[in-house]
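Trainee: Got a minute to go through a model with me? I'd like to hear how you'd read it.

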Amino acid sequence: QVQLGESGGGLVQPGGSLTLSCAASGNIVEIPEMAWYRQAPGNERELVARMINGGAATYAESVKGRFTISRDNTKTVYLQMNSLKPEDTAIYYCNVRAFTTSTFSVSTYWGQGTQVTVSS
């Protein structure tokens, strides 16, 4: 199994910054993909940023130029969020596709979510 520990959410004023982190643990052999999603009240969950092993990253249009996804090792992913806007308010979820010795296949895992609120 894979456990995802998220941290870094909170309340911030418009224009401020936050950094989310997500550390994966468990019987992991390889993580080919790590991503962040978000879900605002009344909305569907949407992709914010995705990073493929090897460095390629993609972003939602609404966050391009403001958010940066990064990995500092094979099992931790970050989301640096700058110039935050009230419309960025949502629960942010870490999403990992991992190959484990439990399943000997690539499966998708979700974190518990961390609340980000942008308000004055």
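**Starting from the core**

Mentor: Sure, let's start with V96, which is buried, with a relative accessible area of 0%. Keep in mind that this is a predicted model.

Trainee: Where does V96 sit?

Mentor: V96 is part of strand β9.

Trainee: And which residues is V96 in contact with, leaving aside its neighbours within four places in sequence?

Mentor: V96 is in contact with L4, I31, E33, M34, S107, T108 and Y109. One of those, M34, also stands opposite V96 in the strand pairing.

Trainee: What about L79, how far are the C-alpha atoms of V96 and L79 from each other?

Mentor: They are separated by 14 Å, with the two residues 17 places apart along the chain.

Trainee: OK, zooming out. How many residues of β9 are buried?

Mentor: Eight of the eleven, so β9 is largely enclosed by the rest of the structure.

Trainee: In which sense do β4 and β9 pair?

Mentor: Antiparallel, over nine bridges. β9 also pairs with strand β11, residues 114-118, in the antiparallel sense over three bridges. There, A90 has V116 in β11 as its bridge partner.

Trainee: And how many bridges join β9 to β10?

Mentor: Five, and those two strands run antiparallel as well. Within that pairing, N95 stands opposite W110 in β10. β9 and β10 form a hairpin with five residues between them. Look at F104 in the turn too, since F104 has a positive phi of about 50°.

Trainee: Changing topic to the aromatics. How many aromatic pairs does a search of the whole structure find?

Mentor: Two. In one of them, Y37 and W110 are edge-to-face, at 5.0 Å centre to centre and 65° between the planes. That pair links distant parts of the chain, with Y37 in strand β4 (residues 28-39) and W110 in strand β10 (residues 106-110), 73 residues apart.

Trainee: Is Y37 buried or exposed?

Mentor: Y37 is buried, with a relative accessible area of 17%, because the cut-off for buried is under 20%. W110 counts as partly exposed, at 39% relative accessibility.

Trainee: Then what's the geometry of the pair that Y93 and W110 form?

Mentor: Edge-to-face again, with 6.5 Å centre to centre and 85° between the planes. Y93 lies in strand β9 and W110 in strand β10, so this pair ties together parts that are 17 residues apart in sequence. Y93 itself counts as buried, at 12% relative accessibility.

Trainee: So which residues do the ring pairs link into a cluster?

Mentor: Y37, Y93 and W110.

Trainee: Where does the charged end of R45 sit?

Mentor: Over the ring of Y93, 3.7 Å from its centre. The charged end of R45 also sits over the ring of W110, 4.6 Å from that ring's centre. Put those together and R45 has its charged end over two members of the cluster.

Trainee: Last one, T76. Where is its place?

Mentor: T76 is in strand β8, which covers residues 76-81. T76 counts as buried, at 13% relative accessibility.

Trainee: What does T76 touch, not counting residues up to four places away in sequence?

Mentor: T76 touches C22, A23, M34, S70 and R71. You've met M34 already: M34 is the residue that stands opposite V96 in β9.

Conventions
Residues are numbered from 1 along each chain as its sequence is written. This is a predicted model: local features need pLDDT of at least 70, side-chain atom pairs count only at pLDDT 80 or more; totals for chains, interfaces and linings use all residues. Side-chain values use heavy atoms; hydrogens and water are left out. Rings of Phe, Tyr and Trp (its six-membered ring) pair if their centres lie within 6.5 Å; planes under 30 degrees apart count as stacked, over 60 as edge-to-face and the rest as tilted. Helices (H or I, at least four residues) and strands (E, at least two) are DSSP runs, numbered from the N terminus. Buried means under 20% relative accessible area, exposed over 50%, partly exposed in between (1.4 Å probe, protein chains only). A charge sits over a ring if NZ of Lys or CZ of Arg is within 6 Å of the ring centre and within 35 degrees of the ring normal. Contact means heavy atoms within 4.5 Å. Two strands pair if DSSP finds at least two bridges between them.
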